[in-house]
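The following exercises are to be worked with the sequence and the coordinates at hand. Each task is followed by a stepwise solution.

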Amino acid sequence: MKNHPLEAIISLYLSEKDITRGTMELYSTILKQYSIYLSDNQILYAKTSDVIRYIEWKRSQGFSTSWIFNQIAAIKGLYRYLSQNQKRLGLPVEYSKDITEPIRNVQVKNRQLKSYLSIEQAKQLIETTKANRRYIWQYRDYALIYLMLTTGLRSIEIRRARKKDLRMIGQQCILDVQGKGRQSADEYVKITKGVEAAIRDYLNKRQDNNPYLFISHRKKGKSPYLSRTFFIRMFDRVLKECKLEDTHITAHSLRHSAATFNMQRGASLESTRLFMRHRELSTTIVYTHDINRLKDDSENLIEDYILGEEV
């Protein structure tokens, strides 16, 4: 089965769904992957067990709980749409029932401790990726990681960044950013001299007309911009090269690291809110909780108290 019949229906579903461009891209990516899975496994009309098997397969690949949550939400939304519009669209009767109704989504804890690097680990990550530069993708990885660690950019903002978004205001290099849930690049981050040099070195090695700032250099790559799964593959490889695989950090961990470093150096909550481009201060406060919690030594003190040892 080369192209699954569901692909055409997915396009119609997304065209009728009132969502932002960012969510549209997310759902399109998820449902494309799902339809490919159905094709590869010769599944014409999926059953509940097929969807569960697909989600477990994704989970086994090391995807985060948040990504699994998005996967389930997108697939459940699709089958709900199919069951509600089966007659209107003249779809096969197999779509009249919502096969995902019994499937409950995973719970994502928003207040758990954020994963982030120590200062020493961040320095090791930057210095090792710089020293390892040989091929063009290694120049890209170094510039990309250096940029994320110093600006706190999200992976989706990295994916959307274009060459033209990099510009100068006087002596200061900035990058215009299309933030989360935004329709245009209406924010910006300052680019340090070190990051600017890293990006320029990477761009000088490029010989393409691709408008995006960071791109895939795989010969089989057809998309003009980086995929969501790129960051998983890239970070797995880079962490091993830097001997930091035990940290189990993700691309988003670099954003957490940047926020934590900013507060550790003495920046205020409001300064960190502006740096992270949070709309609400309550979103930023979680980093204070993380830092204070790590400083708190209650567990060891309780052990000492139970065992009657001197504190």
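**Exercise 1.** Determine which residues are in contact with phenylalanine 231, leaving aside its neighbours within four places in sequence.

*Solution.* Contact is taken as heavy atoms within 4.5 Å. With that criterion, phenylalanine 231 touches Leu144, Met148, Ser155, Ile158, Arg159 and Ala251, its neighbours within four places in sequence being left aside. The model is a predicted one, in which local features need pLDDT of at least 70 and side-chain atom pairs count only at pLDDT 80 or more, while totals for chains, interfaces and linings use all residues. Residues are numbered from 1 along each chain as its sequence is written, and side-chain values use heavy atoms, with hydrogens and water left out.

**Exercise 2.** Describe helix H9 (230-241) and establish how its buried residues are arranged.

*Solution.* Step 1: helices (H or I, at least four residues) and strands (E, at least two) are DSSP runs, numbered from the N terminus. H9 has 12 residues and spans 17 Å from its first C-alpha to its last, close to the 16 Å expected at 1.5 Å a residue, where the expectation is 1.5 Å times one less than the number of residues.

Step 2: buried means under 20% relative accessible area, exposed over 50%, and partly exposed in between, with a 1.4 Å probe and protein chains only. In H9, the buried residues are Phe230, Phe231, Met234, Phe235, Val238 and Leu239. Seen down the helix axis, they fall within an arc of 135°, so they line one face of H9; the arc is that of the directions from the helix axis to the C-beta atoms. An α-helix has 3.6 residues a turn, so residues three or four places apart point the same way.

Step 3: the buried residues of H9 pack against H5, H6, helix H7 (155-160) and H10. After H9 comes lysine 243, with a positive phi near 55°.

**Exercise 3.** Identify which helix supplies the largest share of the largest nonpolar core.

*Solution.* Step 1: a nonpolar core is a set of buried Ala, Val, Leu, Ile, Met, Phe, Trp, Tyr and Cys residues joined through side-chain atoms within 4.5 Å. The largest has 44 residues, of which Leu125, Leu144, Leu149, Leu175, Phe214, Phe231 and Leu254 touch the most other members.

Step 2: at least two residues each come from H5 (119-131), H6 (136-151), S2, S3, H8, H9 and H10 (251-264). The largest share, nine residues, belongs to H6. Another core, of 32 residues, lies apart from it and includes Leu6, Ile9, Tyr27 and Ile75.

Step 3: H6 is mostly covered, with 13 of its 16 residues buried. Just after H6, glycine 152 adopts a positive phi of about 75°.

**Exercise 4.** State the strand order of the open sheet and which helix packs on the sheet.

*Solution.* Step 1: two strands pair if DSSP finds at least two bridges between them. The three strands follow the order S1-S2-S3 with antiparallel pairing. The edges are S1 (166-169) and S3 (187-191), each pairing on one side only.

Step 2: four bridges join S1 to S2 (residues 172-177), and methionine 168 stands opposite cysteine 173 in S2. Five bridges pair S2 with S3, where isoleucine 174 faces lysine 190.

Step 3: helix H8 (residues 193-205) packs on the sheet and touches S1, S2 and S3, its direction making about 140° with that of S1. Axes are lines fitted to C-alpha atoms, for helices over the stretch in contact, and angles run from 0 to 180 degrees between N-to-C directions.

Step 4: S3 has Glu187, Val189 and Ile191 on its covered face, and Tyr188 and Lys190 on the uncovered one.
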